[in-house]
Amino acid sequence: MTRYIMAWFPMLALAIANGALRQLTFGKHMSELRAHQLSTAIGSVIMGLFIWLVVRIWPPSSSRRAFHIGLVWVSLTIVFEFAMGRIMMHRPWQQLFQDYNLPAGRVWLLFLIWLALAPYVFYRLRVGQLQGKP
């Protein structure tokens with residue numbers, strides 16, 4: 001599991017770069033909600049590509065292990081997000097939970113679901129390819 005935990009750190013760097021892209025470019029030209037949605041979509045694609053690569057380089061030993069990896073990555077992400085928000089940026093809890101409000105158009109929760117499932121999805125696709133299944 002250590003290598004997968006270490007793989008989370010480049011994911012963090014990719015997420016920070018995605019946030020910088022948002023702030024420096026399209027975030028200046030659209031509403032905060034639309035910028036959040038676009039940034040989440042871009043981050044999902046970038047993270048998906050990175051996770052695909054990780055699963056190709058270090059294939060999990062089983063479907064269960066792949067799902068466990070995703071849960072670890074989601075846990076690390078949530079802990080980091082709340083620690084940064086509360087401790088470093090002094091944001092109130094209400095503001096931190098705002099990104100989880102799917103009915104209000106906040107799609108961060110969908111990203112976390114993808115992060116949890118992506119290792120499993122790419123593992124299953126890889127196993128299917130190895131077994132000659134379409």
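This is a short talk about the helices, core, charges and rings in one predicted model.

Okay, two bits of housekeeping. The model is predicted, so to speak of local features I need pLDDT of at least 70, side-chain atom pairs count only at pLDDT 80 or more, and totals for chains, interfaces and linings use all residues. Residues are numbered from 1 along each chain as its sequence is written, and side-chain values use heavy atoms, with hydrogens and water left out.

Let's start with the core. By nonpolar core I mean a set of buried Ala, Val, Leu, Ile, Met, Phe, Trp, Tyr and Cys residues joined through side-chain atoms within 4.5 Å. Buried is under 20% relative accessible area, exposed is over 50%, and partly exposed is in between, with a 1.4 Å probe and protein chains only. The largest such core here has 23 residues, and the members that touch the most others are Met-11, Met-47, Ile-51, Val-54, Trp-73, Phe-111 and Leu-115. Which elements give two or more residues to it? Those are helix H1 (2-24), helix H2 (32-57), helix H3 (63-88) and helix H5 (108-130). H5 gives the most, with nine residues. Helices here are DSSP runs (H or I, at least four residues), and strands would be E runs of at least two, numbered from the N terminus. As background, nonpolar side chains tend to be buried together in soluble globular proteins.

Have a look at Met-11. Setting aside residues up to four places away in sequence, Met-11 touches Met-47, Phe-50, Ile-51, Trp-73 and Leu-115, where contact means heavy atoms within 4.5 Å.

On to the charges. A salt bridge, for my purposes, is a side-chain nitrogen of Lys or Arg within 4 Å of a carboxyl oxygen of Asp or Glu. How many are there by that rule? The count comes to three. Arg-22 pairs with Glu-32, with the closest N and O atoms 2.8 Å apart. Arg-22 sits in helix H1 and Glu-32 in helix H2, so this pair ties together parts that are 10 residues apart in sequence. Arg-22 counts as buried at 16% relative accessibility, while Glu-32 is partly exposed at 42%.

Glu-32 also bridges to Arg-106, at 2.6 Å between the closest N and O atoms. Since Arg-106 is in the loop between H4 and H5 and Glu-32 in helix H2, that bridge ties together parts 74 residues apart in sequence. Arg-106 is buried, at 8% relative accessibility. Then Asp-99 bridges to Arg-106, with the closest N and O atoms 2.4 Å apart, and Asp-99 is partly exposed at 21%. Through shared partners, Arg-22, Glu-32, Asp-99 and Arg-106 end up in one network.

His-36, in helix H2, is worth a stop here. Its relative accessible area is 4%, so His-36 is buried. Not counting neighbours within four places in sequence, His-36 is in contact with Arg-22, Asp-99, Gly-105, Arg-106, Val-107 and Trp-108. Three of those names you just heard: Arg-22, Asp-99 and Arg-106 belong to the salt-bridge network.

Now Glu-81, over in helix H3. What is the nearest side chain of opposite charge to Glu-81? It's Arg-91, 7.4 Å away, and Glu-81 is buried with no salt bridge. In this scheme Lys and Arg are positive, Asp and Glu are negative, and His and the chain ends are not counted. The Glu-81 side chain does make a polar contact with the side chain of Trp-108, at 3.2 Å. (A polar contact is a pair of N or O atoms within 3.5 Å; within protein, one must be able to donate a hydrogen and the other to accept it, and residues adjacent in sequence count only if both atoms are side-chain atoms.)

Last topic, the rings. Rings of Phe, Tyr and Trp (its six-membered ring) pair if their centres lie within 6.5 Å; planes under 30 degrees apart are stacked, over 60 edge-to-face, and the rest tilted. That gives 10 aromatic pairs. Trp-8 and Phe-80 have ring centres 6.0 Å apart and planes at 70 degrees, so they're edge-to-face. That pair links helix H1 to helix H3, 72 residues apart. Phe-82 and Tyr-100 are stacked instead, 6.0 Å centre to centre with 25 degrees between the planes. Finally, ring pairs link Phe-82, Trp-93, Phe-97 and Tyr-100 into a cluster.
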